[in-house]
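The following exercises are to be worked with the sequence and the model open side by side. Each task is followed by a solution in steps.

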Protein chains: 2
Amino acid sequence: MASAAGVSISTASKALNDTGRMGAETRERVKRIAGEIGYRPNALARGLLSKRSFTIGLLTNDTYGRFTLPVMAGISDALVDHGVSVFLCAIEDDPALAQTHVDAMLDKQVDGIIATGKRLDRRLPVDLSNLHVPVVYAFTEGTQNSVTFRSDDEQGARLAVEWLAKIGRRRIAHVTGPEDFFSVRERAGAYHQVAGHREPVLYGVWSESWGHDAVEQLWKRPGEKPDALFCGNDQIARGAVDALRERGIKVPQDVSVIGFDNWEIVAAQTRPPLTTVDMELKELGRQAGLTVLALAEGRPVEPGVRKLPCRLVVRQSCGG
Amino acid sequence: MASAAGVSISTASKALNDTGRMGAETRERVKRIAGEIGYRPNALARGLLSKRSFTIGLLTNDTYGRFTLPVMAGISDALVDHGVSVFLCAIEDDPALAQTHVDAMLDKQVDGIIATGKRLDRRLPVDLSNLHVPVVYAFTEGTQNSVTFRSDDEQGARLAVEWLAKIGRRRIAHVTGPEDFFSVRERAGAYHQVAGHREPVLYGVWSESWGHDAVEQLWKRPGEKPDALFCGNDQIARGAVDALRERGIKVPQDVSVIGFDNWEIVAAQTRPPLTTVDMELKELGRQAGLTVLALAEGRPVEPGVRKLPCRLVVRQSCGG
DNA sequence: TGAAGTTGGTAAAAGCTTTTCTCAGTCAAC
DNA sequence: GTTGACTGAGAAAAGCTTTTACCAACTTCA
């Protein structure tokens, strides 16, 4: 304890926190000695008093981390400067496990909780609506009167289709995931708005093989073929690119392909690398982090859903 | 506070913890009322006294999460039953950031730290050797006299090559990552032990395109071609499979391909899905978690490097 | 010279648990 | 009827900080 090396406990505390009245010389001396002996205040004791643990919990059901990791990076990035650490709790759609984790976080007096997931239109399997700590939802369905951050899939889809139109593509098909996903419907809506109804929307699953199969279907039909594919995610896009190559169709010369998600490991390794839409999940995490911090500090935050714009990442699968 | 609903503070505490002397009837009543009002003890106050925060820190420089996520899952899985929560701190090879995170964890009185990374033969850019909390290394280079968990890459490689031999392959080539990786050398050593020196080892980088190029190189050489490829990771394997298909060579009929890592997103989406070696990172995380807990509780743990066996995951890229 | 204000610092309380110590009451035994 | 053992429960301390209240010494002013 720093007091051993100088003055009383209270004087030491005031010296280190730049509060209270005392001689400048005393203050300096205490600070110096604290530095020398490497004194660091115990955050537990501090938290006990201040009711702030400088700790938040991140709850996710995205075991694979595809969405959670960027969100986590953004949160951590935003909060590390404020001395806030993050408990990561992966619950795998298991309500009991989720409750266990929430209870553990609450016991540890987290200042707030951020709930995130792998799907915009699904809830986590645990009720967070009546906790006495603030809760912010990021990339998962929130409750009434909560603060929710999500990507603007409509704008993202428009970005993609408008890009294809801009580089001269006219017969743009949309190959995407299961229709019961909210974001699938939203993207498809934006697609129709921009591209019209000339080409079909093919609903399927989120896999490469579906992308592959979809190309087979499209090219087996009679009549003119698409000159561009707007895919629901990068995996579908990759499957599509592979299928096109196998058919001897050149990407991007003959057909432009655009993905969604900007999942580096897929998008960058595809040949050619995929032009795709990035949902800016890190930024989403950053804002969620700052928001939960604001709520924890009692600053007012307007409830509601905040849509964050997507960004087009241009690589080589579109040409133009 | 439960005491409001019955007896004194100390009696309440003793009742809930099943300690001290008191009437069975009183104990029951306190427990019941505590349950009714949803009382949960404040872990901060408890930690202040017991010197145990039931919190550990996980430090990683693996931004992408390829290795960290399974390790994290294992740790969490092992420790959630003990009421321990995990701070995840992603430091991106940034020493200052790493120190910030370590300081924050120490302030929060973590019971221990697990260091993990993306490479067995590299250290994290921060010195953890003289902390007053236990440190366990998992999938990253540890310090003298520390406890380190790692995969047994030699055994994993042997598993792969022996499998290829068992299904009748005789000309097994090894396409792998950069030779300065320790695990690359270790796997190559095991490969030579089992397969001899008839076929070459091709060192390159950890990417699909290298797998692709390596096949080009191998098949451009004069003389007999390999009938099996043991690849250094799943991405290389995938690139190789794609290249073979483009050359009209059938996998697994003509050539067997085996990967390493069992990275689902790559291994399972390859056509055909990859047979590969799983490093059991989740199990590794689990053991690291239990070990750091043991150390935190003062139980003795033998220092040293613990190699965990790998497991062969058979899919369809080898036939046999 | 006495009153009022200023300065530099300490003592103590509060925050929530757990643990140890103490105390009043009960019962059995001599 | 007094002593000793035992029982059930509460008081208090400890764990580490921060904050408030307080005190002694010194300065300023009338």
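## Exercise 1. Contacts with DNA strand C

In this predicted model, a polar atom in the side chain of R46(B) is placed 2.7 Å from a phosphate oxygen of DNA strand C.

**Task.** Which elements give two or more residues to the surface near DNA strand C, and which residues are the closest to the strand?

**Solution.**

Step 1. Assign the elements. Two or more residues each come from α1 (9–17) and α3 (43–50) of chain A, together with α1 (9–17) and α3 (43–50) of chain B. Of these, α1(B) gives the most, namely five residues.

Step 2. List the neighbours. DNA strand C is surrounded by 26 residues, and the closest are T11(A), R21(A), T26(A), K51(A) and R46(B). Of the strand atoms that come within 4 Å of the protein, sugar and phosphate account for 50%.

Step 3. Inspect further polar contacts. G23(A) places a backbone N or O atom 2.9 Å from a phosphate oxygen of DNA strand C. Y39(B) has a side-chain N or O atom 3.0 Å from a sugar or linking oxygen of DNA strand C.

Step 4. Sort the surface by class. Near DNA strand C there are 11 nonpolar, nine polar and six charged residues.

## Exercise 2. Contacts with DNA strand D

**Task.** Determine which residues come nearest to DNA strand D, and state which parts of the strand the side chains of S13(A), R46(A) and K14(B) contact.

**Solution.**

Step 1. Identify the nearest residues. Among the 26 residues around DNA strand D, those that come nearest are R46(A), T11(B), R21(B), T26(B) and K51(B). Sugar and phosphate make up 53% of the atoms of DNA strand D that come within 4 Å of the protein.

Step 2. Examine the phosphate contacts. The side chain of R46(A) has an N or O atom 2.7 Å from a phosphate oxygen of DNA strand D. For S13(A), a polar side-chain atom lies 3.0 Å from a phosphate oxygen of this strand.

Step 3. Examine the base contact. K14(B) has a side-chain N or O atom 3.0 Å from a base oxygen of DNA strand D.

Step 4. Assign the elements and classes. At least two residues of this surface are supplied by each of α1 and α3 of chain A and α1 and α3 of chain B, and α1(A) gives the most, with five residues. The surface near DNA strand D has 11 nonpolar, nine polar and six charged residues.

## Exercise 3. Aromatic rings and charged ends

**Task.** Classify the ring pair of F230(B) and F260(B) as stacked, tilted or edge-to-face, and locate the charged ends that sit over the rings of F181(A) and F54(B).

**Solution.**

Step 1. Count the pairs. There are eight aromatic pairs over all chains.

Step 2. Apply the angle cut-offs. Planes under 30 degrees apart count as stacked, those over 60 as edge-to-face, and the rest as tilted. The rings of F230(B) and F260(B) are 6.3 Å apart, centre to centre, with 45 degrees between their planes, and the pair is tilted.

Step 3. Place the partners. F230(B) belongs to strand β8 (residues 228–231) of chain B, and F260(B) to the loop between β9 (256–258) and α10 (264–267); they are 30 residues apart, and the pair links distant parts of the chain. Both F230(B) and F260(B) are buried.

Step 4. Locate the charged ends. R119(A) has its charged end over the ring of F181(A), 3.4 Å from the ring centre. R52(B) has its charged end over the ring of F54(B), 4.4 Å from the ring centre.

## Exercise 4. Backbone features

**Task.** Where are P272(A), D18(A) and F139(A) found, and why does F139(A) count as buried?

**Solution.**

Step 1. Inspect the peptide bonds. R271(A) and P272(A) are joined by a cis peptide bond with omega about -5 degrees; P272(A) is in the loop between α10 (264–267) and β10 (276–278) of chain A. In chain B, a cis peptide bond with omega about -5 degrees joins R271(B) and P272(B).

Step 2. Inspect phi. D18(A), not a glycine, has a positive phi of about 55 degrees and is in the loop between α1 and α2 (24–36) of chain A. F139(A), also not a glycine, has a positive phi of about 60 degrees and is found in the loop between β4 (135–138) and β5 (147–151) of chain A.

Step 3. Judge burial. F139(A) counts as buried because its relative accessible area is 4%, and buried means under 20%.

Methods
Residues numbered from 1 in each chain as written. Chains lettered and ligands numbered in written order. Predicted model: local features only at pLDDT ≥ 70, side-chain atom pairs only at ≥ 80, totals over all residues. Heavy atoms only, no water. Phe/Tyr/Trp six-rings, centres within 6.5 Å; stacked < 30°, edge-to-face > 60°. Helix = DSSP H or I, 4+ residues; strand = E, 2+ residues; numbered from the N terminus. Buried < 20%, exposed > 50% of the residue type's maximum accessible area, 1.4 Å probe, protein only. Lys NZ or Arg CZ within 6 Å of the ring centre and 35° of its normal. Near = heavy atom within 4 Å. Polar contact = N/O pair within 3.5 Å; in protein donor to acceptor, adjacent residues only side chain to side chain. Nonpolar A, V, L, I, M, F, W, Y, C, P; charged D, E, K, R; others polar.
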